[in-house]
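Let's take a friendly walk through this protein. Have the sequence and the 3D view ready, and follow along one region at a time.

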Amino acid sequence: MITERIPPGRLLTVSVIYALAIGMGMLLLATQRPWMGLRLAFDAELNAAVVRSAEGPAADIPVGTALTMIQSDGQDMDLAARDFIAETDGVMETYPIYEAFLRRQSALAHMQAASEVTFTDREGRDWIIHPKTTRPIASLPADFWVQVAVGMIAWLIASGVWVFRRGESSARYLLLSGWSTAIFAPFAAVYSTRELALPGELFRWLTDLNFMGGSLFAGTLVALLTCYPRRIGPKWLGWVAVLSQLGWFIAQEAGAFESMIFARRMLVMVALLATFVLAVMQWRITKRDPVGRAALRWFLLSWLVGSGVFCLFILLPQMFGFDTSAMQGYAFLLFVLVYVGLAFGILRFGLFGLDEWWVRVVTWMGALLLLVVFDMVFLLVLNLSSGVSMSLALLICGLGWLPLRGFFLNRMLARSGRSRPNVFKAVVDVALSPREEAQEALWRDCLQHSFDPLHMKPCSHLEAEPKLADDGLALLLPGVGTLSSWRLEYARGGRSLFSGRDLEAAKELVVMLRHVFESRQAYEKGVSVERGRIGRDIHDNIGAQLLSALHTREEGRREDVLRGALADLRGIINDSANPDLSIEEALGDLRYETVGRLSSGGLELDWRVEEDGGAAGLSAKIMHALRSVVREAASNILKHAKASQVRILIRRSRQNLTVVIEDDGVGFDQEAVRRGHGLTNMDARLTALNGSVTRSPGLAGKGARVTFEFPLESPEQAS
């Protein structure tokens with residue numbers, strides 16, 4: 001097609017120019033008419049046209065004056081109710097009546113165009129007006145601008161969608177529909193808001209084109225539903241619907257019908273009924289097509305709210321003889337909703353969010369429909385007053401429909417899947433499963449039960465949060481821990497799209513799973529830390545005491561050391577380290593133990609404890625660390641130092657505890673320092689307590705000196 005080679009920007013520019021041309025053309029048609037400055041409304045009881053407002057040439061006529069006759073150029077005519085009909089299609093019973101109406105319009109328009117016009121009221125007074133040759137723009141009523149704007153907006157929406165969907169049949173039908181709306185709505189604006197009359201031929205052209213546009217609008221909606229969102233029948237079926245409306249229009253123009261109401265309402269009503277039938281068919285065939293179903297919901301929502309209300313309050317009452325033409329200008333606003341809904345559906349806009357709230361709108365529309373039906377039954381059948389009928393209708397709807405509406409909402413918006421406790425249990429089972437394969441299988445099962453997707457497959461979703469994709473067709477979940485990322489398609493077994501509620505549920509699942517994984521990792525880290533502590537304590541304390549027992553020659557002493565080792569072993573397991581001992585008792589036991597171990601190896605010990613006046617106490621953890629480093633240092637001296645003297649200084653102040661251990665042996669073996677577990681354990685203990693360790697030569701420049709220093713308040717206590 002030629003249009004496929006035209007850039008979208010150029011086509012949009014042409015569409016805007018065309019819309020502006022329509023608006024300017026209607027404005028010229030409306031304003032290039034004689035203007036008297038009157039706004040009249042016919043009162044059937046007074047059988048006169050009552051002045052609602054008067055300005056300009058008619059400013060002298062009081063508001064409320066009942067005018068019965070118009071005179072100019074030697075002619076006079078009595079004003080009749082039909083002269084003020086805004087819309088002829090639903091009021092004129094036959095074409096002869098319509099032709100007579102057009103002749104009266106021509107006569108009134110000729111009189112209105114005279115230089116002087118005289119109106120006679122019910123009191124017999126004459127009011128002379130000198131009409132102006134053109135009508136001011138400011139005098140055009142609001143419903144004129146509404147109808148023109150509806151036509152322009154409908155065209156702009158339809159053409160805007162078509163520009164970006166030129167290859168789709170639905171977009172082409174929408175374009176034709178927008179063009180038809182740009183005909184019937186603006187043309188109706190001109191004749192329905194006339195001041196008094198238009199020339200008969202102009203009136204005929206305007207109303208005929210209005211009817212043609214309305215017929216094409218109905219036909220294009222039928223055609224649209226034959227291919228949107230899924231195709232029903234052959235491609236030519238849609239064009240048959242459009243051409244049948246055009247043929248019907250030509251037939252009525254040729255005089256094939258006697259009843260004008262039948263000719264101009266029957267096929268349109270049939271087409272509107274056909275749209276509902278086709279909508280039901282589309283609903284059935286999109287059962288497993290959630291994108292198509294959601295797009296169809298846009299049409300149903302906009303069509304029910306827009307065209308449904310228009311038919312209910314405008315077209316249907318006309319079939320029973322009620323004149324609703326006064327409301328018709330404003331009712332055209334409802335067609336904007338239709339085009340917005342169709343555009344959103346064809347462009348696939350916000351499909352995943354529509355599933356949640358369209359049901360609520362439909363149920364409210366049902367309540368409104370029931371209210372109107374009951375009110376009309378009470379008014380027309382039972383002949384009740386308007387106040388009583390409306391009260392009864394409200395009472396019946398309140399007692400009957402609202403409870404049913406709540407029931408329907410709960411059933412239609414209900415979500416399958418596990419309850420929150422079951423979901424939490426499933427997530428915990430996933431995180432605590434010992435094998436990665438089992439975790440993956442349990443996570444897949446959890447997602448299947450929570451969202452019931454039709455398809456699930458691993459994907460490469462790298463974002464940290466779940467995300468909706470393809471207009472809600474898919475739900476993407478990120479990988480958590482060792483688990484894969486997943487793409488879920490077609491929610492609830494393919495019956496709907498993923499909604500915003502599903503997205504929130506997925507985010508909650510991911511957050512929950514991450515929390516359980518992190519808790520498990522924290523637990524495993526704690527287990528590892530505890531294992532390290534136990535290993536260091538066994539190496540430093542139990543190992544040192546067993547070594548001491550090995551070198552002790554006294555049998556009783558050996559037994560005491562072994563008992564102490566068993567007691568320390570229980571303390572290591574319970575992480576208690578004799579918490580009931582006082583500081584002096586704990587230091588005394590440590591000195592006694594150290595003296596015994598060193599003396600058994602032939603070493604002399606110089607033990608000193610220094611305290612300032614405000615020395616702080618020692619916590620169980622600090623005392624445990626002190627015991628461990630002293631024992632480990634003594635073990636290293638016995639095994640490696642070949643020393644004869646050892647000096648241990650413990651200095652306790654308000655903030656710090658300093659331990660200096662030195663000997664006169666051979667000094668450090670750097671390889672042993674790097675490889676040995678004992679010194680490594682000492683460094684680890686000091687690091688855990690925010691302490692430090694330094695090494696230097698020992699007594700008289702020989703041997704080694706190790707200085708440990710750490711704050712008396714450990715990180716655990718500080719926290």
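## A busy tyrosine

This is a predicted model. Start by finding Tyr339: leaving aside residues up to four places away in sequence, Tyr339 touches Ala154, Ile157, Ala158, Leu174, Ser177, Gly178, Thr181 and Phe217.

## Two nonpolar cores

Which residues have the most contacts inside the largest nonpolar core? They are Phe144, Phe299 and Tyr339, so you have already met one of them, and the core itself has 73 residues. Helix α4, which spans residues 169-192, gives the largest share of this core, with 13 residues.

Another core lies apart from that one. This other core has 30 residues, and Leu587, Ala633, Val646 and Ile661 are among them.

## Strands side by side

Now look for strand β1 (residues 38-43) and strand β2 (residues 48-54). These two run antiparallel and are joined by 6 bridges. To pick out one pairing, find Leu40, whose bridge partner in β2 is Val51. The hairpin of β1 and β2 has 4 residues between the strands, and in this hairpin Asn47 takes a positive phi near 55°.

β2 has another neighbour to find: strand β3 (residues 66-72) pairs with β2 over 2 bridges, again in the antiparallel sense. Here Ala49 stands opposite Leu67 in β3.

## A nonpolar patch on the surface

Which residues make the nonpolar surface patch of about 240 Å²? Val16, Leu20 and Leu156 do. To locate Leu20, look in helix α1, which covers residues 8-31.

Definitions and conventions:
Residues are numbered from 1 along each chain as its sequence is written. This is a predicted model: local features need pLDDT of at least 70, side-chain atom pairs count only at pLDDT 80 or more; totals for chains, interfaces and linings use all residues. Side-chain values use heavy atoms; hydrogens and water are left out. Two strands pair if DSSP finds at least two bridges between them. Patches are made of residues with over 30% relative accessible area and no salt bridge: like charges are joined within 9 Å, nonpolar side chains (Val, Leu, Ile, Met, Phe, Trp, Tyr) within 5 Å. Accessible areas come from the Shrake-Rupley method with a 1.4 Å probe; for residues, only the protein chains shown count as cover. A salt bridge is a side-chain nitrogen of Lys or Arg within 4 Å of a carboxyl oxygen of Asp or Glu. A nonpolar core is a set of buried Ala, Val, Leu, Ile, Met, Phe, Trp, Tyr and Cys residues joined through side-chain atoms within 4.5 Å. Buried means under 20% relative accessible area, exposed over 50%, partly exposed in between (1.4 Å probe, protein chains only). Contact means heavy atoms within 4.5 Å.
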